[in-house]
Amino acid sequence: MKGLSVKIIAVIIVVIVVVAAVALFELSSKTSPSTTSTTTVPPTTSNVTLTVVTFSGESAQFIQYAGELFHQEHPNVTVQVITFPFSDYIDKELTVLTGHSSQYDIIGFTSTSAQRVSQYLAPLNGLNLSEVIQPQEYFGGVIYNVSTGQEETIGVVYETAVYLMAYRESIFSNQTLAKEFESQYHIPFNPNMWNNWTEVIWADQFLKSHNVTQYGFLIDDHVSHGIIDAFPAVFGWFYIRDSSISNGSTGIPGFNVMFTGFIPNGGKLPVPSFNSSAGVQALQTYAQLVNYEPNPSQLQVSYDNLPELFPQAPGAFLFTSQLSYINSSIVKDVYLAPLPGGYAETGTDFLGVSKYSAHSQLAEEFLQFLVSPQVQEIAFLKFGKFPSNAQAFQALIQNSSISQYQREWLNATYHAALNAWANPPNIPPTYVSLITDFNQQVYSYLIGQISDPSEALQTAAQQWYSATQSYYGA
């Protein structure tokens, strides 16, 4: 009996020890930090639909395609993309967001509309965006809080779009033209080597006078939106060289080059920068460029029709997103260069997570998936969208199965994207009033309704000053 009792006791002790160990492990697993990524979502056993809302077009098609790939890795998760026309998608989104509805999980927006939706978006500071090209991410994905002076990530840039110079390689590789041009103007007949905007105007003069092309380098002059894209691109050259308005910077985040790079003494905000001698020079230069294309009072060059006009020009200042619309008969002849002086402008698109989403963690994981190198390569290969992921750019540039001209595009776009800062403002009043006020004044100057460039810029600056002071209560 004694021996048997000892064995029983031993077994009981072992059982107690095992139970205690299990309990200790369970307690530890509940209280210890998880070693998994904060954006990794455990497998769901129920069906979930992530709803993305954005504007219609190829970008939306890419997002939907990425959603289908995401579904393959997460069989219980379906990504549904809802689109509206670009002209009213923001208003459609805001109607739902202002009601604090959970209808949409992921919200699409552009750089200039970022702060119209930012208050309804969850911060994304936990995402790993180290491979995302930062100048692209910062122009819309990161907002600047005027009251705190702090930056916060509210969106992820899922493609790269930069405003730069596209040119017809066959024209600029013509040695006969090159010798005559270089003899006359004493600069290279190579857009990649132009240092200022005057050299573009010289090329326009030369090519039109020799009947090589019907137009000079095309530049957007559309009154509804295009002017606010084109003017900052030209103005950037003058802005950065005038320390009295730039303070040696590329502008305060959100306000950018169209405002001073500093806050005046006694003020709370930067003030408009373009009502300056630098702004007047930029507007006169812009008007000279417009003189070598259709008269804007009869036909305005716009985002939509520029690709159609491109074959009649030596090149154009355009967003890289427009390249896929250029006539296929000449597209292989199109090469890219930075803006004169070696910089660019960005104008990218973003996705953010709604504060009211019931699946916010899963939505973040989808955004992380969307900007992964593999998915970003697909964006270019299948949809012609330039990636926002630097690693994807490098892989595509080295991909010998891609045509030579497309690799030229990728290389030029990548380097331009790293130095893209000549941007319009993307503060809350931008979409509501700043674009309309500025574009109307500049357009009136371009068609001769206003003869004095300083008058046009001073009027727009006064309107901008009132709008920003009123909005921020400064």
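Domain bounds here come from an automatic or database domain assignment. Keep in mind that everything below is based on a predicted model.

**View A. Meet domain 1 and domain 2.** The domain assignment splits the protein into domain 1 (47–160 + 347–414) and domain 2 (162–346 + 422–472). Each domain is written as a pair of stretches, so follow the residue numbers as you look around. How far apart are the C-alpha centres of domain 1 and domain 2? They lie 27 Å apart. Where the domains touch, domain 1 puts 25 residues into the contact and domain 2 puts in 30 residues.

**View B. The largest pocket holds about 1200 Å³ of space.** Its lining is made of 47 residues, and the closest to its centre are Phe 86, Thr 110, His 225, Asp 229 and Tyr 303. Plenty of elements give two or more residues to this lining: helix 2 (58–73), helix 3 (89–97), helix 9 (226–240), helix 12 (306–309) and helix 17 (429–446), plus strand 8 (315–319) and strand 10 (345–346). Which element gives the largest share of the lining? That's helix 17, with 4 residues. If you sort the lining by class, you get 18 nonpolar, 18 polar and 11 charged residues. Domain 1 and domain 2 each chip in at least three residues to the lining of this pocket.

**View C. The second largest pocket has about 260 Å³ of space.** Here 13 residues form the lining, and Gln 115, Ser 118, Gln 119, Ile 143 and Asn 145 are the closest to the centre. Strand 4 and helix 18 each hand over at least two residues. Sorted by class, the lining comes out as 7 nonpolar, 4 polar and 2 charged residues. Domain 1 and domain 2 turn up again, each with at least three residues in the lining of the second largest pocket.

**View D. The largest cavity has a volume of about 50 Å³.** How many cavities of 30 Å³ or more does the model have? The count comes to 3. Around the largest cavity you'll find Glu 58, Thr 160, Thr 320, Ser 321, Ser 324, Gly 384, Lys 385 and Phe 386. That makes 1 nonpolar, 5 polar and 2 charged residues in the lining. Domain 1 and domain 2 each supply at least three residues to the lining of this cavity.

**View E. The second largest cavity, at about 40 Å³, sits between domain 1 and domain 2.** Its lining is Ala 114, Gln 115, Tyr 138, Val 142, Ile 143, Pro 253, Gly 254 and Asn 426. Why is this cavity said to lie between the domains? Because domain 1 and domain 2 both give residues to its lining. Helix 4 (114–117) and strand 4 (142–144) each supply at least two of the lining residues. By class there are 5 nonpolar and 3 polar residues, and no charged ones. Look out for Gln 115 and Ile 143, which line this cavity and are also among the residues closest to the centre of the second largest pocket, the one with about 260 Å³ of space.

**View F. Ser 354 is a buried residue in a loop.** The loop in question runs between strand 11 (349–353) and helix 13 (360–370). Is Ser 354 buried or exposed? It has a relative accessible area of 1%, and buried means under 20%, so Ser 354 is buried. A polar atom of the Ser 354 side chain lies 3.0 Å from the backbone nitrogen of Tyr 356. Leaving out residues up to four places away in sequence, Ser 354 touches Leu 97, Ser 101, Tyr 104, Asp 105, Ile 107, Tyr 120, Leu 121 and Ala 122.

**View G. Leu 457 is a buried residue of helix 18.** Helix 18 covers residues 453–472. The relative accessibility of Leu 457 is 1%, which is under the 20% cut-off, so Leu 457 counts as buried. What does Leu 457 touch, once residues up to four places away in sequence are set aside? The list is Phe 274, Asn 275, Gly 279, Val 280, Leu 283, Phe 438 and Val 442. Try finding Leu 289 as well: Leu 457 and Leu 289 are 168 residues apart in sequence, and 18 Å apart in space from C-alpha to C-alpha.

Conventions:
Residues numbered from 1 in each chain as written. Predicted model: local features only at pLDDT ≥ 70, side-chain atom pairs only at ≥ 80, totals over all residues. Heavy atoms only, no water. 1 Å grid on protein atoms, 1.4 Å probe; cavity = no way out; pocket = protein on both sides within 12 Å on 5 of 7 lines; lining within 4 Å. Points joined across faces, edges and corners; volume = space filled by probe spheres on them. Nonpolar A, V, L, I, M, F, W, Y, C, P; charged D, E, K, R; others polar. Buried < 20%, exposed > 50% of the residue type's maximum accessible area, 1.4 Å probe, protein only. Polar contact = N/O pair within 3.5 Å; in protein donor to acceptor, adjacent residues only side chain to side chain. Contact = heavy atoms within 4.5 Å.
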